[in-house]
Amino acid sequence: MPRVIVLDNLSQDGLNLLESAGNIETEVRTGLKGEELRKALLEFDGAVCRSGVKITAEALEGNTRLKAIVRAGVGTDNIDKKAATRQGIVVMNTPGGNTISTAEQTIALMLALSRNVAPAYQSLVEGRWDRKKYMGAQLAGKTLGIVGLGRIGQAVAVRAKALEMKLLGYDPYLSSHRAKELGIETYSSAREMLPHVDYLTVHTPLNDETRNLIDHKEVKMLRKGARLINCARGGIYNEKALAEGLGSGQLGGVALDVYSCEPCTDSPLFGMPGVLCTPHLGASTEEAQTNVAVEAAGLLIDFFTTGAIKQSVNMSPLDPKTLASLRGYLNVAYRLGLLLAQVDHCPPNSCRLHYQGEVAKKDTGLLSAAFAAGLLENALDTEVNIVNAGMLLAERGIELVEERSSDIRDFSSLITAEVASDKRTSIAAGTLFGSNMPRLVQKGNFRLESSLDGVLLLFEHHDTPGVIGRVGSIFGAHHINIAQMTVGRGSSEPGGGAVGVLALDSQPPAEALAEVLALDEIKRAHVVNLPPTDELPAWTGK
Ligand code: NAD
Ligand code: MLT
């Protein structure tokens, strides 16, 4: 009989469901860490957790028994998924079950902060009747800025609209028509939105782009007296910058449910006037915990009785044969998605994928999903893979259309991807050399031939003598080695538009890119980071 360990507090309904399955033995052991956790995991076939336990690579070391970990909740940042995948452990989550509760917590904090609920009650407890001190602010008519408009961000928007707030938002993956439906005025960056908001709330994952999204500089960009709420992940707001902003009077209030280091029992913010904090309670409602626990238990029961893998964040449920036959082109499509996500930061409205030649005869639905996975990979908290990517695009109102033609032109197979936003349409085409060498063969309207891995500088320029040399000298001056270079131009005649791609041996500093952009001949330039050619996402079955 498979044995399942419950590592964090789980709602009784979930535990009852596991018990009632009759073919699973369950044991609850919370608060484990370090060697104790590693040893405990060796005795089980499955595990359920929330965000408390940290399932690190060390915790999984030497474990050949564990087959599945289910996270009752959204964020799987407490599980080392690479290590799990390497060891063949399926990681699943239950997104959606706590969306409403977390959105409600956000609204609750925003209201309580505005009406001084916590300190006013405390004053009564201390025997004071202080009506003047706790003058509040009304939400109706105020402007709320929402960064991150996925499941929770959108649920907050709907609720804030009902409170008669004006909504501004930024999410690089929300289409303009979905934003319109929600009544949100969108901005092309979070920073651009800051000077216009009275309240700011964030609902993004914590990643390199969102870490310290609100730092000392950004606090100064906000309206004086702005109030900030974070029910997503600690670290998106720099807590020191918040304390300084409150101290100077630049910020009117700060409400946090999450912290850069958890559990957090000591913070410079605790006790400051205008601060309201809760200990990661966004999903702590009977309803949300029942939802996620029951869903998590169901996932484990299905897994151990039928072998079904649902809601996996690290594995594809496809059979290994199909994956092997498609792997090279999945890699091309995925890299085109990654590349286009980094060259245009406007929210896409639609994607068009054109499959030409041999590749058009393959399962292009999977290839399009691989493209979508690349396009969304760095944006979502949810792990994107070929199973969920199409659904995640649709949820954001981004249309994806496919075209196929069997005629063979310059390449036996060609995948051309177009991403259209309100501002522009970005195009890139790729093919496969051999069985595992993805190549970029078109950028915009320019033909070229470049690798599709590592650090690339893509620049559009006016084709005049000396421009390539000047770009090269800038990187030389910054001690960045150029490994490869390719140029493509619109026509056989010099003097028109052209595109260049430099493969760099290391990440260039922002100053180098700024110097390239300052050259008269350069129209546009972007640094794009792609994984090494043979580093494929776990969902390719590699
Ligand atoms: P989601 O994946 O549905 O939405 C995240 C959104 O953030 C996406 O639409 C994405 O496009 C957007 N995004 C990504 N990078 C961005 C950037 N740099 N700028 C602007 N937008 C960006 O996730 P969700 O279910 O809505 O969860 C949101 C966050 O809330 C996650 O961090 C999750 O872990 C956290 N969460 C916290 C609690 C809690 O108890 N406090 C409960 C549930 C979820
Ligand atoms: C989540 O990511 O689901 C939340 O942070 C809630 C939790 O930790 O349970």
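How many cavities of 30 Å³ or more does the count give? The count comes to one cavity of 30 Å³ or more in this predicted model. The legends below treat this cavity, a pocket, the two ligand sites and the domains in turn.

**Figure 1. The largest cavity and its lining.** The largest cavity holds about 40 Å³ of space. Its lining consists of Lys-443, Leu-458, Phe-459, Glu-460, Val-499, Arg-524, Ala-525 and His-526. Two or more of these residues come from each of the strands β19 (454-462) and β22 (522-530). Sorted by class, the lining of the largest cavity comprises four nonpolar residues, one polar residue and three charged residues. Rolling a probe the size of a water molecule over the atoms shows where empty space remains.

**Figure 2. The second largest pocket.** The second largest pocket encloses about 380 Å³ of space. It is lined by 21 residues, of which Asn-116, Pro-119, Pro-273, Gly-274 and Val-275 are the closest to the pocket centre. At least two lining residues are supplied by each of α5 (99-114), α6 (117-125), β11 (251-256) and β12 (275-277). The class totals for this lining are 14 nonpolar, five polar and two charged residues.

**Figure 3. Residues surrounding ligand 1.** There are 31 residues around ligand 1, and those that come nearest are Ile-152, Asp-171, Thr-204, Cys-231 and Ala-379. The shell is made up of 14 nonpolar, 10 polar and seven charged residues. Domain 2 (99-277) and domain 3 (316-444) each contribute at least three residues to the shell around ligand 1.

**Figure 4. Polar contacts and burial of ligand 1.** An oxygen atom of ligand 1 lies 2.6 Å from a polar side-chain atom of Asp-171. The side chain of Glu-209 places an N or O atom 3.3 Å from a nitrogen atom of ligand 1. At Gly-282, a polar backbone atom is 3.5 Å from an oxygen atom of the ligand. Ligand 1 taken alone exposes 870 Å², of which the protein buries 98%.

**Figure 5. Residues surrounding ligand 2.** The residues around ligand 2 are Arg-50, Ser-51, Arg-71, Gly-73, Val-74, Gly-75, Asn-98, Arg-233, His-280 and Ala-283. By class, this shell contains two nonpolar, five polar and three charged residues.

**Figure 6. Polar contacts and burial of ligand 2.** Which polar atom of Val-74, backbone or side-chain, lies 2.7 Å from an oxygen atom of ligand 2? It is a backbone N or O atom of Val-74. From His-280, a polar side-chain atom is also placed 2.7 Å from an oxygen atom of ligand 2. The side chain of Arg-71 has an N or O atom 3.0 Å from an oxygen atom of this ligand. On its own, ligand 2 has 270 Å² of accessible area, and the protein covers 92% of that area.

**Figure 7. Domain layout.** The protein is divided into domain 1 (3-96 + 287-306), domain 2 (99-277), domain 3 (316-444) and domain 4 (453-531). The C-alpha centres of domain 2 and domain 4 are 40 Å apart. Domain 2 is one of the domains that give at least three residues to the shell around ligand 1.

Key:
Residues numbered from 1 in each chain as written. Chains lettered and ligands numbered in written order. Predicted model: local features only at pLDDT ≥ 70, side-chain atom pairs only at ≥ 80, totals over all residues. Heavy atoms only, no water. Near = heavy atom within 4 Å. Polar contact = N/O pair within 3.5 Å; in protein donor to acceptor, adjacent residues only side chain to side chain. Areas by Shrake-Rupley, 256 points an atom, 1.4 Å probe, with all protein chains shown as cover. Nonpolar A, V, L, I, M, F, W, Y, C, P; charged D, E, K, R; others polar. Domains from an automatic or database assignment. 1 Å grid on protein atoms, 1.4 Å probe; cavity = no way out; pocket = protein on both sides within 12 Å on 5 of 7 lines; lining within 4 Å. Points joined across faces, edges and corners; volume = space filled by probe spheres on them. Helix = DSSP H or I, 4+ residues; strand = E, 2+ residues; numbered from the N terminus.
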